[in-house]
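Subject: Structure for you to look at

Hello,

Here is the structure I said I would pass on. Please open it beside this email and follow along as you read.

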Amino acid sequence: MAHDFPNHLVAGYGRYLNKGYVRFRETQEQLAIYGQRPDVMVISCCDSRVTPEGVFHAGPGELFVVRNVANLVPPYEETDGQHGTSAALEYAVRVLKVKHIVVMGHAKCGGVHAFRENANAPLATGAFIGRWIKLLEPAAIAMACMPVDKLDDPQLAMEYAGVRQSLKNLATFPFVDEAMRNEGLKVHGAWFDIGSGDLRVMDPETSKFESCAPESFAGEVAAG
Ligand SMILES: [Zn+2]
(Lines give C-alpha, C1' and ligand atoms only; values in the text may rest on other atoms or scores of the structure.)
Protein backbone atom coordinates (compact mmCIF):
# COMPACT_ATOMS: atom_id res chain seq x y z
CA MET A 1 0.00 0.00 0.00
CA ALA A 2 1.38 3.42 -0.89
CA HIS A 3 1.16 5.76 2.01
CA ASP A 4 3.51 7.79 4.13
CA PHE A 5 1.96 6.81 7.41
CA PRO A 6 4.85 6.77 9.92
CA ASN A 7 6.57 3.37 10.05
CA HIS A 8 6.96 3.44 13.80
CA LEU A 9 3.20 3.82 14.15
CA VAL A 10 2.60 0.83 11.89
CA ALA A 11 5.14 -1.16 13.92
CA GLY A 12 3.53 -0.04 17.17
CA TYR A 13 0.13 -1.04 15.84
CA GLY A 14 1.54 -4.48 15.08
CA ARG A 15 2.67 -4.81 18.69
CA TYR A 16 -0.76 -3.66 19.82
CA LEU A 17 -2.41 -6.40 17.74
CA ASN A 18 -0.08 -8.96 19.28
CA LYS A 19 -0.40 -7.84 22.88
CA GLY A 20 -3.02 -5.19 23.61
CA TYR A 21 -5.76 -6.40 21.32
CA VAL A 22 -5.20 -10.05 22.14
CA ARG A 23 -5.38 -9.23 25.83
CA PHE A 24 -8.58 -7.22 25.54
CA ARG A 25 -10.14 -8.96 22.57
CA GLU A 26 -13.15 -10.27 24.43
CA THR A 27 -13.71 -6.95 26.20
CA GLN A 28 -13.51 -5.06 22.93
CA GLU A 29 -15.91 -7.40 21.21
CA GLN A 30 -18.37 -6.89 24.05
CA LEU A 31 -17.83 -3.12 23.99
CA ALA A 32 -18.45 -3.08 20.25
CA ILE A 33 -21.73 -4.93 20.66
CA TYR A 34 -23.10 -3.39 23.81
CA GLY A 35 -21.47 0.06 23.76
CA GLN A 36 -19.44 1.86 26.35
CA ARG A 37 -20.38 2.38 29.98
CA PRO A 38 -17.42 4.06 31.64
CA ASP A 39 -18.18 5.47 35.07
CA VAL A 40 -15.24 7.87 35.09
CA MET A 41 -14.50 10.87 32.92
CA VAL A 42 -10.98 12.28 32.96
CA ILE A 43 -10.10 15.76 31.76
CA SER A 44 -6.37 15.97 31.23
CA CYS A 45 -3.74 17.83 29.26
CA CYS A 46 -2.66 17.04 25.69
CA ASP A 47 0.88 16.63 27.03
CA SER A 48 2.37 13.41 25.67
CA ARG A 49 3.83 12.59 29.08
CA VAL A 50 0.46 12.44 30.82
CA THR A 51 -1.77 9.62 29.64
CA PRO A 52 -4.85 8.91 31.76
CA GLU A 53 -5.09 5.28 30.64
CA GLY A 54 -1.46 4.82 31.59
CA VAL A 55 -1.66 6.57 34.96
CA PHE A 56 -4.78 4.67 35.98
CA HIS A 57 -3.77 1.46 34.23
CA ALA A 58 -7.14 1.44 32.52
CA GLY A 59 -8.22 -0.72 29.62
CA PRO A 60 -10.72 -0.10 26.82
CA GLY A 61 -14.12 1.11 27.95
CA GLU A 62 -12.98 2.23 31.41
CA LEU A 63 -12.28 5.93 31.01
CA PHE A 64 -14.06 8.60 29.00
CA VAL A 65 -11.27 11.06 28.29
CA VAL A 66 -11.08 14.57 26.95
CA ARG A 67 -7.67 16.16 26.63
CA ASN A 68 -6.93 19.79 25.95
CA VAL A 69 -4.14 22.28 26.52
CA ALA A 70 -3.62 22.64 30.29
CA ASN A 71 -6.56 20.36 31.21
CA LEU A 72 -9.01 23.23 31.45
CA VAL A 73 -12.77 23.22 31.81
CA PRO A 74 -14.27 26.44 30.46
CA PRO A 75 -17.23 27.96 32.27
CA TYR A 76 -20.70 27.19 30.95
CA GLU A 77 -21.75 29.56 28.22
CA GLU A 78 -24.45 29.71 25.60
CA THR A 79 -22.55 31.68 22.97
CA ASP A 80 -22.06 30.31 19.49
CA GLY A 81 -18.80 28.53 19.05
CA GLN A 82 -17.27 25.11 18.94
CA HIS A 83 -17.08 24.07 22.54
CA GLY A 84 -15.31 20.73 22.31
CA THR A 85 -14.59 20.18 25.98
CA SER A 86 -18.12 21.24 26.94
CA ALA A 87 -19.57 18.85 24.35
CA ALA A 88 -17.56 15.96 25.81
CA LEU A 89 -18.72 16.94 29.28
CA GLU A 90 -22.32 17.01 28.16
CA TYR A 91 -22.04 13.56 26.62
CA ALA A 92 -20.31 12.11 29.68
CA VAL A 93 -22.84 13.46 32.15
CA ARG A 94 -26.11 13.39 30.23
CA VAL A 95 -25.68 10.29 28.09
CA LEU A 96 -23.08 8.07 29.77
CA LYS A 97 -24.06 9.26 33.26
CA VAL A 98 -20.55 8.94 34.60
CA LYS A 99 -20.26 8.88 38.38
CA HIS A 100 -16.91 10.65 38.66
CA ILE A 101 -15.19 13.46 36.81
CA VAL A 102 -11.46 13.82 37.43
CA VAL A 103 -9.65 16.98 36.37
CA MET A 104 -6.02 15.93 36.23
CA GLY A 105 -3.32 18.59 36.13
CA HIS A 106 0.36 17.77 35.87
CA ALA A 107 3.91 18.92 36.50
CA LYS A 108 5.80 21.03 33.95
CA CYS A 109 2.61 21.95 32.12
CA GLY A 110 3.52 23.97 29.03
CA GLY A 111 0.07 25.57 28.86
CA VAL A 112 0.33 26.80 32.44
CA HIS A 113 3.89 27.94 31.80
CA ALA A 114 2.79 29.88 28.71
CA PHE A 115 0.10 31.59 30.75
CA ARG A 116 2.59 32.56 33.45
CA GLU A 117 5.08 33.91 30.95
CA ASN A 118 2.73 35.68 28.59
CA ALA A 119 -0.41 36.34 30.56
CA ASN A 120 -0.60 39.94 29.35
CA ALA A 121 0.91 39.57 25.92
CA PRO A 122 -1.28 40.71 23.04
CA LEU A 123 -2.89 37.85 21.19
CA ALA A 124 -2.00 37.27 17.59
CA THR A 125 -4.95 37.34 15.24
CA GLY A 126 -6.20 33.85 14.71
CA ALA A 127 -4.06 32.35 17.46
CA PHE A 128 -5.79 29.92 19.74
CA ILE A 129 -3.52 29.08 22.67
CA GLY A 130 -3.50 32.59 24.11
CA ARG A 131 -7.27 32.81 24.09
CA TRP A 132 -7.64 29.32 25.52
CA ILE A 133 -5.25 29.74 28.42
CA LYS A 134 -6.92 33.00 29.35
CA LEU A 135 -9.24 30.60 31.14
CA LEU A 136 -6.51 30.54 33.78
CA GLU A 137 -6.95 34.23 34.62
CA PRO A 138 -9.59 33.66 37.33
CA ALA A 139 -7.37 30.93 38.74
CA ALA A 140 -4.47 33.36 39.04
CA ILE A 141 -6.70 35.91 40.76
CA ALA A 142 -8.12 33.33 43.15
CA MET A 143 -4.62 32.11 43.94
CA ALA A 144 -3.42 35.63 44.71
CA CYS A 145 -6.39 36.26 47.00
CA MET A 146 -6.28 32.99 48.85
CA PRO A 147 -2.92 31.22 48.60
CA VAL A 148 -3.61 27.76 49.98
CA ASP A 149 -0.27 26.54 48.66
CA LYS A 150 3.11 27.88 49.52
CA LEU A 151 4.20 29.99 46.60
CA ASP A 152 7.81 28.87 46.62
CA ASP A 153 7.04 27.00 43.41
CA PRO A 154 4.85 29.37 41.39
CA GLN A 155 4.51 26.94 38.48
CA LEU A 156 3.18 24.20 40.75
CA ALA A 157 0.91 26.64 42.58
CA MET A 158 -0.56 27.75 39.25
CA GLU A 159 -1.03 24.14 38.12
CA TYR A 160 -2.99 23.43 41.31
CA ALA A 161 -4.96 26.68 40.93
CA GLY A 162 -5.88 25.74 37.36
CA VAL A 163 -7.36 22.44 38.54
CA ARG A 164 -9.32 24.23 41.28
CA GLN A 165 -10.66 26.74 38.76
CA SER A 166 -11.71 23.96 36.39
CA LEU A 167 -13.61 22.29 39.23
CA LYS A 168 -15.39 25.60 39.89
CA ASN A 169 -16.18 25.95 36.20
CA LEU A 170 -17.55 22.41 36.09
CA ALA A 171 -20.20 23.37 38.61
CA THR A 172 -21.42 26.20 36.33
CA PHE A 173 -22.82 23.63 33.88
CA PRO A 174 -26.49 23.14 34.85
CA PHE A 175 -26.44 19.43 33.99
CA VAL A 176 -23.29 18.89 36.10
CA ASP A 177 -24.80 20.77 39.01
CA GLU A 178 -28.00 18.78 38.69
CA ALA A 179 -26.13 15.45 38.52
CA MET A 180 -24.04 16.39 41.55
CA ARG A 181 -27.15 17.22 43.55
CA ASN A 182 -29.41 14.37 42.51
CA GLU A 183 -27.45 11.60 40.85
CA GLY A 184 -24.39 11.21 43.04
CA LEU A 185 -21.91 12.64 40.52
CA LYS A 186 -18.62 13.50 42.19
CA VAL A 187 -15.90 15.75 40.85
CA HIS A 188 -12.25 15.41 41.82
CA GLY A 189 -9.04 17.36 41.37
CA ALA A 190 -5.78 15.53 40.82
CA TRP A 191 -2.23 16.32 39.75
CA PHE A 192 0.40 14.02 38.26
CA ASP A 193 4.15 14.38 38.70
CA ILE A 194 5.75 13.11 35.50
CA GLY A 195 9.22 12.38 36.87
CA SER A 196 8.30 10.55 40.08
CA GLY A 197 4.94 9.09 39.03
CA ASP A 198 3.34 10.66 42.11
CA LEU A 199 -0.40 11.25 41.80
CA ARG A 200 -1.84 13.79 44.20
CA VAL A 201 -5.54 14.13 44.87
CA MET A 202 -7.21 17.32 46.07
CA ASP A 203 -8.91 17.26 49.45
CA PRO A 204 -12.25 19.00 48.79
CA GLU A 205 -12.31 20.51 52.28
CA THR A 206 -8.84 22.00 52.43
CA SER A 207 -8.23 22.24 48.65
CA LYS A 208 -4.77 20.81 49.26
CA PHE A 209 -3.23 18.14 47.08
CA GLU A 210 -1.84 15.02 48.69
CA SER A 211 -0.25 11.87 47.31
CA CYS A 212 -2.68 8.99 46.97
CA ALA A 213 -0.10 6.28 46.30
CA PRO A 214 -1.00 3.07 48.09
CA GLU A 215 1.06 2.44 51.23
CA SER A 216 3.18 -0.20 49.53
CA PHE A 217 4.33 2.31 46.92
CA ALA A 218 4.84 5.25 49.24
CA GLY A 219 8.60 4.93 49.13
CA GLU A 220 8.70 4.70 45.35
CA VAL A 221 7.11 8.01 44.49
CA ALA A 222 9.34 10.75 45.72
CA ALA A 223 7.55 13.49 47.60
CA GLY A 224 8.73 16.26 45.38
ZN1 LIG B 1 -0.08 20.41 30.31
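Below is what was found, starting with the whole chain and ending with single residues.

Please keep in mind that this is a predicted model.

**The chain as a whole**

The protein chain contains eight helices and six strands. From one end of the sequence to the other, they come in the order α-β-α-β-α-β-α-α-α-α-α-β-β-β. The radius of gyration is 19 Å, close to the 17 Å that the globule rule gives for 224 residues, so the chain is as compact as a globular protein of that length. If you lay the C-alpha trace along its principal axes, it spans about 55 × 45 × 45 Å. Of the 224 residues, 35% are buried.

**Helix α7**

Helix α7 covers residues 154–170, which is 17 residues. From its first C-alpha to its last it reaches 24 Å, close to the 24 Å expected at 1.5 Å a residue. This helix is mostly covered, with 15 of its 17 residues buried.

**The zinc site**

Which protein atoms are the donors of the zinc ion? They are SG of Cys45, NE2 of His106 and SG of Cys109, and they lie 2.0 to 2.3 Å from the ion. Along the chain, the donors follow the spacing C-x60-H-x2-C.

Are His106 and Cys109 buried or exposed? The cut-off for buried is under 20% relative accessible area. His106 has a relative accessible area of 1%, so it is buried. Cys109 also has a value of 1%, so it is buried too.

**Two residues with positive phi**

Lys108 lies in the loop between β3 (100–106) and α4 (110–118). Its phi is positive, about 55 degrees, although Lys108 is not a glycine. Exposed means over 50% relative accessible area, and Lys108 counts as exposed because its relative accessibility is 62%.

His57 is another case. It has a positive phi of about 50 degrees, and it is not a glycine either. You will find His57 in the loop between α2 (52–55) and β2 (63–68). With a relative accessible area of 65%, His57 is exposed.

**The second largest pocket**

The second largest pocket holds about 380 Å³ of space. Its lining is made of 14 residues, and those nearest its centre are Pro74, Gln82, His83, Trp132 and Leu135. Two elements give two or more residues to this lining: α3 (84–96) and α5 (129–133). Which element gives the most to the lining? It is α3, with three residues. By type, the lining of this pocket has five nonpolar, seven polar and two charged residues.

Leu135, one of the residues nearest the centre of this pocket, sits in the loop between α5 and α6 (137–145). Its relative accessibility is 19%, so it counts as buried, the cut-off being under 20%. Leu135 and Met146 are 11 residues apart along the chain, and their C-alpha atoms are separated by 18 Å.

**The cavity**

How many cavities of 30 Å³ or more does the structure hold? There is one. The largest cavity has about 40 Å³ of space. Its lining consists of Val93, Lys97, Val98, Lys99, Ala179, Glu183 and Leu185. Four of these lining residues are nonpolar, three are charged and none is polar.

**A pair around strand β4**

Ala190 belongs to strand β4, residues 186–192. It is buried, with a relative accessible area of 3%. Ala190 and Arg200 are 10 residues apart in sequence, and from C-alpha to C-alpha they are 5.5 Å apart in space. You can set this beside Leu135 and Met146, which are 11 residues apart along the chain and 18 Å apart between C-alpha atoms.

**Where to begin**

If you want an order for looking through the model, start with the zinc ion and its donors Cys45, His106 and Cys109. Next, find Lys108 in the loop between β3 and α4. After that, go to the pocket that has Trp132 and Leu135 among the residues nearest its centre, and finish at the cavity whose lining includes Val93 and Leu185.

Regards

Notes
Residues numbered from 1 in each chain as written. Predicted model: local features only at pLDDT ≥ 70, side-chain atom pairs only at ≥ 80, totals over all residues. Heavy atoms only, no water. 1 Å grid on protein atoms, 1.4 Å probe; cavity = no way out; pocket = protein on both sides within 12 Å on 5 of 7 lines; lining within 4 Å. Points joined across faces, edges and corners; volume = space filled by probe spheres on them. Helix = DSSP H or I, 4+ residues; strand = E, 2+ residues; numbered from the N terminus. Nonpolar A, V, L, I, M, F, W, Y, C, P; charged D, E, K, R; others polar. Donors = N, O, S within 2.8 Å, 3.2 Å for Na, K, Ca; no water. Buried < 20%, exposed > 50% of the residue type's maximum accessible area, 1.4 Å probe, protein only. Expected span 1.5 Å × (residues − 1). Rg over C-alpha atoms; globule rule 2.2 N^0.38 Å.
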